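Okay, thanks for having me, everyone. I'd like to walk you through a protein model today, starting with the overall layout and then moving to a few spots I want you to look at. Please pull it up on your screens.

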Amino acid sequence: MSTRMTLRAAAACLAGAIALPAMAQIPLPPPPPLPDLHVRVVEAAPPPPRREVIVYRERPARDYVWVRGFYDWQGDGWVWVPGHWLAPPARTVRWVSPRYVRVEDGWWYEPAHWSNQQLVVDEKVKKEKFKVKKEKKIKKEKVKKEKLKD
């Protein structure tokens, strides 16, 4: 009986050794497309956010998070993305809501994303953000000088 078990074990190992290289040749499906994570400066201000009601009974699973509705820049205008439940791609990530910051040439817009995704900032946009930081620094210095005078 032990000979029979030995032959079966040897056959299973041989089958695994043959199947393993064949499985390596099976192509994996392409990853899902990432959202457009380009930071941009747009001229038009985003509209005020809409009011939403969160229905906790509709939560698909315990690990899902509620993503509040937000306005997303889609080429030539703001488009409302309604709030929805979303499963995080990993346990250690968190949802980052979009940011809208008033700058000299319009509005600095950082799209919503998971914390493990990188935003893409072009050189032109970096210069715009630097202008805003510099202006804020100048304003703070003026306020300090005025306080010292008083």
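Before the layout, one bit of vocabulary: helices and strands here are runs assigned by DSSP, with at least four residues for a helix and at least two for a strand, numbered from the N terminus. And do keep in mind that this is a predicted model.

So, what order do the elements run in, from the N terminus on? You get α-β-β-β-β-β-β-β-β-β-β-α. In total that is two helices and 10 strands.

Now some overall numbers. The protein has 150 residues, and 22% of them count as buried. Its accessible surface comes to about 12,500 Å², with 59% of that belonging to carbon and sulfur atoms. If you take the contacts with a separation of 6 or more, 58% of them are between residues 24 or more positions apart.

Let's go to the open sheet. Which strands form it, and in what order? There are four, in the order β7-β8-β1-β10, and the pairing is mixed. At the edges sit β7, residues 99-103, and β10, residues 120-121, each of which pairs on one side only.

Let's walk across that sheet. We start with β7, which runs antiparallel to β8, residues 106-110, with five bridges joining them. To find one of the partners, look at R99, which is matched with E110 in β8. The two strands are also joined by a hairpin, through two residues.

Next along is β8 itself. This strand is mostly covered, since four of its five residues are buried. Three bridges join β8 to β1, and those two run antiparallel. Here you can pick out V41, whose bridge partner in β8 is W108.

Then we step from β1, residues 38-42, to β10, and this pair is parallel, over two bridges. Look for H38, which stands opposite V120 in β10.

Okay, leave that sheet and find β3 and β4. They pair in the antiparallel sense over four bridges, with β4 covering residues 78-81. One partnership to look for is F70 with V81 in β4. How many residues lie between β3 and β4 in their hairpin? Four, and G75 in the turn has a positive phi of about 80°.

Stay on β3 for a second and look at the side chains. In a regular strand, side chains alternate between the two faces of the sheet. In β3, F70 and D72 point one way while Y71 and W73 point the other way, and all of them are buried.

F70 also takes us to the second largest pocket. About 280 Å³ of space lies in there. Its lining has 17 residues, and the ones nearest the centre are P49, R68, G69, F70 and W80. Two elements give two or more residues to that lining, namely β2, residues 65-67, and β3, residues 70-73. What does the lining look like by class? It has 12 nonpolar, two polar and three charged residues.

Last stop, two residues to compare: W85 and V55. W85 lies in strand β5, residues 84-86, while V55 sits in the loop between β1 and β2.

Is W85 buried or exposed? The cut-off for buried is under 20% relative accessible area. W85 has a relative accessible area of 14%, so W85 is buried. V55 has a relative accessible area of 26%, so V55 is partly exposed.

And what is W85 in contact with, leaving aside its neighbours within four places in sequence? The list is I54, V55, Y56, E58, R59, P60, Y64, V65 and W66. So V55 is on that list.

You can also check how far apart things are, C-alpha to C-alpha. W85 and A61 are 24 residues apart in sequence and 9.2 Å apart in space. For V55 and H84, it's 29 residues in sequence and 9.8 Å in space.

That's my tour. Happy to take questions!

Note on methods
Residues are numbered from 1 along each chain as its sequence is written. This is a predicted model: local features need pLDDT of at least 70, side-chain atom pairs count only at pLDDT 80 or more; totals for chains, interfaces and linings use all residues. Side-chain values use heavy atoms; hydrogens and water are left out. Buried means under 20% relative accessible area, exposed over 50%, partly exposed in between (1.4 Å probe, protein chains only). Contact means heavy atoms within 4.5 Å. Accessible areas come from the Shrake-Rupley method with a 1.4 Å probe; for residues, only the protein chains shown count as cover. Two strands pair if DSSP finds at least two bridges between them. On a 1 Å grid over the protein atoms alone, a cavity is a set of points where a 1.4 Å probe fits but cannot get out, and a pocket is an open set with protein on both sides within 12 Å along at least five of seven lines; lining residues have an atom within 4 Å of a point. Grid points are joined across faces, edges and corners, and a volume is the space filled by probe spheres set on the points. Ala, Val, Leu, Ile, Met, Phe, Trp, Tyr, Cys and Pro count as nonpolar, Asp, Glu, Lys and Arg as charged, and the others, Gly among them, as polar.
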